[in-house]
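Please look through the structure shown below, and then follow the questions and answers with care.

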Amino acid sequence: MYEHADKAHKDIEKNGCHIIYIPANDAQPSVAYSIGIAKTTKHHDIVVTGLDKDTAHFLINEYNYRIRDGESFDVDQYYDEFLQDAKITFKAIAKEYYESLCPQAQWFYEGDNFTMLHLIWPDENGALPWEKKASKSYRWLMPRLYQN
């Protein structure tokens with residue numbers, strides 16, 4: 001059981017999603033993810049890694065609001081309306097990462113019957129994690145959670 005279950009249900013009822021934020025530690029970058037978007041809109045929930053809490057919450061809320069307004073976002077497409085002067089993209093997260101990455105989502109959906117997208121933001125030079133010019137420190141912030 002998720003200790004903030006009541007708040008999660010209230011957030012989902014009011015806003016269409018609840019956001020969980022896990023600060024960075026020596027072993028992993030920060031992780032923020034939504035629960036409830038897949039249930040309330042039939043679209044994907046999302047994960048944001050490597051950002052501070054306020055920025056991660058902003059991106060997840062922006063995604064949620066835009067989905068609720070009728071937009072849709074596809075894997076491997078680029079979108080430039082989320083971050084100023086930067087394009088983002090999405091990758092589907094492999095279910096093998098769900099248990100360690102987003103256990104509260106598994107609790108909410110009662111298993112793995114949902115989809116999560118990783119919102120991929122570029123480094124300060126515009127590089128994405130799979131590009132040669134991306135720095136090692138940036139790649140650590142963007143773990144490979146997807147399958148090609």
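**Helix α1 and its surroundings**

The buried residues of α1 are A5, A8, D11 and I12, where buried means under 20% relative accessible area, exposed over 50% and partly exposed in between, with a 1.4 Å probe and protein chains only. Helices (H or I, at least four residues) and strands (E, at least two) are DSSP runs, numbered from the N terminus. This is a predicted model in which local features need pLDDT of at least 70, side-chain atom pairs count only at pLDDT 80 or more, and totals for chains, interfaces and linings use all residues. Residues are numbered from 1 along each chain as its sequence is written, and side-chain values use heavy atoms, with hydrogens and water left out.

Q: Why are the buried residues on the same side of α1?
A: An α-helix has 3.6 residues a turn, so residues three or four places apart point the same way. The arc is taken from the directions from the helix axis to the C-beta atoms. The buried residues lie on the same side of α1 because the arc they cover around the axis is only 125 degrees.

Q: Which residues are exposed on the other side of α1?
A: The buried residues of α1 include A5 and I12. On the other side of this helix, the exposed residues are D6, K10, E13 and K14.

Q: Is D11 buried or exposed?
A: D11 belongs to helix α1, which spans residues 5–15. Leaving aside neighbours within four places in sequence, D11 is in contact (heavy atoms within 4.5 Å) with G16, C17 and H18. Because its relative accessibility is 16%, D11 counts as buried.
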